Amino acid sequence: MADTAFGTLHDGQRISVTIRRTPPAPETETFEVEVLGGMSVFNVLERIRDNLDPSLAVPISCRIGKCDICFVKVNGKVRWACTEPATDGMLVEPAPRYPVLKDLVVDLDKRIKGGSDSDADGGDAA
Amino acid sequence: MRISINQAACQGDCICSVICPEVFVLDDAGIAWAAENGVPLTRGGSDSFANVPSEHRDDVLDAVGQCPTQCITLLDS
């Protein structure tokens with residue numbers, strides 16, 4: 001597999017993506033999705049929403065790393081979905097310390113004061 | 001490890017404060033300040049360097065790498 005300038009995926013590759021979701025969807029759901037080389041996490045999430053599960057809530061994004069609001073956790077690290085290269089087997093979760101509205105969408109106006117990573121799915125909003 | 005933030009270079013992307021809010025605190029304009037015990041160090045000069053607790057070291061290093069403007073300065077790393 002040849003690395004691209006952005007990430008290690010190649011055209012036509014099928015990757016597994018696990019997403020932490022909110023009810024009524026299962027707590028975590030794994031999707032198998034065909035990708036193109038150089039896709040970002042946001043590109044893959046959009047592809048899942050458009051082709052596999054239209055109920056998946058994905059943060060809005062400028063797609064170019066400018067608007068700074070598509071925070072998600074990728075394999076346990078906070079990243080912007082639009083600038084992080086997608087990888088096979090990645091786990092995508094909502095940004096920590098913010099109340100989750102649905103799936104990966106959080107309320108960025110209401111940070112949970114003193115919250116820990118485990119508070120990502122709820123808690124008292126500040 | 002100690003850190004300081006160049007507020008003139010910070011453009012308020014705020015990923016540092018999402019990664020480690022114990023050390024990076026945003027003001028009302030969304031600009032980041034280094035903090036000790038949750039209190040932002042706004043005195044300027046050498047007083048603006050905050051000591052990083054060891055439990056937050058990895059998160060701070062992650063935030064330094066993610067900052068788009070590279071406005072976080074590390075000492076004693």
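Let's start in the middle: the largest nonpolar core has 48 residues, and the ones with the most contacts inside it are I15(B), C16(B), V23(B), F24(B) and A63(B). Helix 1 of chain A gives this core more than any other element does, with five residues. Keep in mind as you click around that this is a predicted model.

**Stop 1: A63(B) and its helix**

Select A63(B) first. Leaving out residues up to four places away in sequence, A63(B) touches I15(B), C16(B), I19(B), C20(B), F24(B) and I72(B). Now widen the selection to helix 2 of chain B, residues 57-66. Which residues of this helix are buried? They are V60(B), A63(B) and Q66(B). Turn the view so that you look down the helix axis: the buried residues fall within an arc of 125°, so they line one face of the helix. On the face turned away from that buried side, pick out the exposed residues D58(B) and G65(B).

What covers the buried residues of helix 2 of chain B? The cover includes strand 1, helix 1, strand 2 (24-26) and strand 6 (72-75) of chain B.

**Stop 2: the whole of chain B**

Zoom out and colour chain B by secondary structure. You should find two helices and six strands. Follow the chain along its sequence and the pattern reads β-α-β-β-β-β-α-β. The radius of gyration of chain B is 11 Å, close to the 11 Å that the globule rule gives for 77 residues, so chain B is as compact as a globular protein of that length. Its C-alpha atoms fill a box of roughly 30 × 25 × 20 Å along the principal axes.

How much of chain B is buried? Buried residues are 35% of its 77 residues. Take the contacts in chain B between residues at least 6 apart in sequence: 57% of them join residues at least 24 apart.

**Stop 3: a sheet in chain B**

Next, select strands 2, 3 and 4 of chain B. These three strands form an open, antiparallel sheet in the order 2-3-4. Strand 2 and strand 4 (39-40) of chain B stand at the edges with a single partner strand each, so one side of each has no neighbour in the sheet. Strand 3 (residues 32-36) pairs with strand 4 of chain B over two bridges, in the antiparallel sense. To see a facing pair, click E36(B), which stands opposite V39(B) in strand 4 of chain B.

**Stop 4: two unusual phi angles**

Here is some background for this stop and the proline stop further on. Most residues other than glycine have a negative phi, and most peptide bonds are trans.

Now go to C14(B), in the loop between strand 1 (2-5) and helix 1 (15-19) of chain B. Is the phi of C14(B) positive or negative? It is positive, about 65°, although C14(B) is not a glycine. C14(B) counts as buried, with 20 C-beta neighbours inside 10 Å.

Hop over to chain A and select D103(A), in the loop between strand 6 (100-102) and strand 7 (105-106) of chain A. D103(A) is not a glycine either, yet it has a positive phi of about 50°. With 23 C-beta neighbours inside 10 Å, D103(A) counts as buried.

**Stop 5: the sheet in chain A**

Stay in chain A and show its strands. Five of them form an open sheet in the order 2-1-5-3-4, with mixed pairing. Strand 2 and strand 4 (77-80) of chain A are the edge strands, each pairing on one side only. From one strand to the next, the twist averages 35°. Helix 1 (residues 41-51) of chain A packs on the sheet and touches strand 1, strand 2, strand 3 (71-74) and strand 5 of chain A. The direction of helix 1 makes about 95° with that of strand 2 of chain A.

Strand 1 and strand 5 (residues 90-94) of chain A run parallel and are joined by three bridges. Click T18(A) and look across to L91(A) in strand 5, which stands opposite.

**Stop 6: V33(A)**

Pick V33(A), in strand 2 (residues 28-34) of chain A. Is it buried, exposed or partly exposed? V33(A) has 17 other C-beta atoms within 10 Å, so it is partly exposed. Not counting residues up to four places away in sequence, V33(A) touches several residues, including R14(A), V44(A), I48(A) and L52(A). V33(A) and I48(A) are 15 residues apart in sequence and 6.8 Å apart in space, C-alpha to C-alpha.

**Last stop: a proline pair**

Finish at P24(A), in the loop between strand 1 (14-20) and strand 2 of chain A. Which kind of peptide bond joins P23(A) and P24(A)? A cis one, with omega about 10°.

Conventions
Residues numbered from 1 in each chain as written. Chains lettered and ligands numbered in written order. Predicted model: local features only at pLDDT ≥ 70, side-chain atom pairs only at ≥ 80, totals over all residues. Helix = DSSP H or I, 4+ residues; strand = E, 2+ residues; numbered from the N terminus. Rg over C-alpha atoms; globule rule 2.2 N^0.38 Å. Buried ≥ 20, exposed ≤ 12 C-beta atoms within 10 Å, placed from the backbone. Contact = placed C-beta atoms within 7 Å. Pairing = 2+ DSSP bridges. Axes fitted to C-alpha atoms, helices over the stretch in contact; angles between N-to-C directions. Arc of directions from axis to C-beta. Core = buried A, V, L, I, M, F, W, Y, C linked by C-beta atoms within 7 Å.
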